[in-house]
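Q: I am new to this structure and would love a close look at one part of it. Could you walk me through it step by step?

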Amino acid sequence: MVNPALFFPDTSTLISLFDESDPLHERASEAIRGYKVCEVFIPNSVLAEWQSRTIREHKGLVMHTVLELDKKRKTGVDNISTGEFNALVDNAANNIRKNHGIESRKLDRARVTIQEEINKYYETSSGSISHNKPITEIKKYLMRLSYRFFEQGMGVIVFFIKHGYSHPGIKEETEKKVKEYISQHKIDLETSDAMIFVDLIRYVAADIKMYDFVVGDKAFYTKGQKYVNSYDELKSRVNFIFLSSSNVK
């Protein structure tokens, strides 16, 4: 009897699953549809990179908006309206677009979240969205503002980590073999993609299951196949699924 394959996503796959505006959202949704909860395996390395990538635009935009608020105060302005705040956020987002390689769609998602949350804060704390608020007060609230996209995704990922596939563990002998493989192929563990890929090798080498490695990044897909095919004991148990191809489970 063949063991059911596990759903092992890369970070791009998770982002596509949670972001309905992502070009690969439909592909990612279709890819996971055939698995049971107990067949979904999200390792900590994927979780860590997902956290970093999904919060990056939000944190960057908050920081730049705070700088815009500080500039406003230096001109002698102590209070601002929601319209003025929204304009500051738009200006901060435009500055990031000009000076940093951030995907506009992701930055816009963070921008909309910040503006919506601050507008709600104006309304609930003043009883009206039209009242002006002290810049110092807005700054404090802005710095504490959580990211809705991040919070929602985090809850789902933690659910799968707790209730999804439970790996049997990795023996010392397996760890040694994988380290030798890393050294032999000169895999640079400084990159998050490499860490995720090495995790995949470690888990597959210590297991008897079939693994469906679902990838949303073309370069990662190509490089991963090359490495797995050079590891004789693993290539028959790792099935690469590239979300941009027509081969979606």
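In which helix does Val66 lie? Please start there, then go on to the aromatic rings.

A: Happy to. Please keep in mind that this is a predicted model. Val66 is part of helix α3. Its relative accessible area is 12%, so Val66 counts as buried, the limit being under 20%. Leaving aside residues up to four places away in sequence, Val66 touches Lys139, Leu142 and Met143. Take Leu142 from that list: Val66 and Leu142 are 76 residues apart in sequence, yet their C-alpha atoms are 8.1 Å apart in space.

Helix α3 also holds Ser45. Ser45 has a relative accessible area of 12% and is therefore buried. With residues up to four places away in sequence not counted, the contacts of Ser45 are Met195, Ile196 and Asp199.

Now for the aromatic rings. A pair of such rings is described by the distance of the centres and the angle of the planes. The structure holds 17 aromatic pairs. One of them joins Phe8 and Phe41 in an edge-to-face arrangement, with 5.7 Å from centre to centre and 75 degrees between the planes. Phe8 belongs to strand β1 (residues 5-9), while Phe41 sits in the loop between α2 (25-32) and α3 (44-74), so this pair ties together parts that are 33 residues apart in sequence. Phe8 and Phe41 are both buried.

Phe8 has another partner, Phe213: this aromatic pair is edge-to-face too, at 5.6 Å centre to centre and with 65 degrees between the planes. Here distant parts of the chain are linked, as Phe8 in strand β1 and Phe213 in strand β4 (residues 210-215) are 205 residues apart. Both Phe8 and Phe213 are buried.

You can follow these rings further, since Phe8, Phe41 and Phe213 are among the members of one aromatic cluster. Tyr165, Tyr203, Tyr211, Phe220, Tyr221, Phe240 and Phe242 belong to that cluster as well.

Tyr203 deserves another glance. Arg202 lies over the face of Tyr203, 5.6 Å from the ring centre. You will find another arginine over a ring at Phe149: the charged end of Arg109 sits there, 3.6 Å from the centre of the ring.

To retrace your steps in the viewer, begin with buried Val66 and its contact Leu142, go on to Ser45 in helix α3, and finish with the aromatic cluster that includes Phe8.

Terms used: Residues numbered from 1 in each chain as written. Predicted model: local features only at pLDDT ≥ 70, side-chain atom pairs only at ≥ 80, totals over all residues. Heavy atoms only, no water. Phe/Tyr/Trp six-rings, centres within 6.5 Å; stacked < 30°, edge-to-face > 60°. Helix = DSSP H or I, 4+ residues; strand = E, 2+ residues; numbered from the N terminus. Buried < 20%, exposed > 50% of the residue type's maximum accessible area, 1.4 Å probe, protein only. Lys NZ or Arg CZ within 6 Å of the ring centre and 35° of its normal. Contact = heavy atoms within 4.5 Å.
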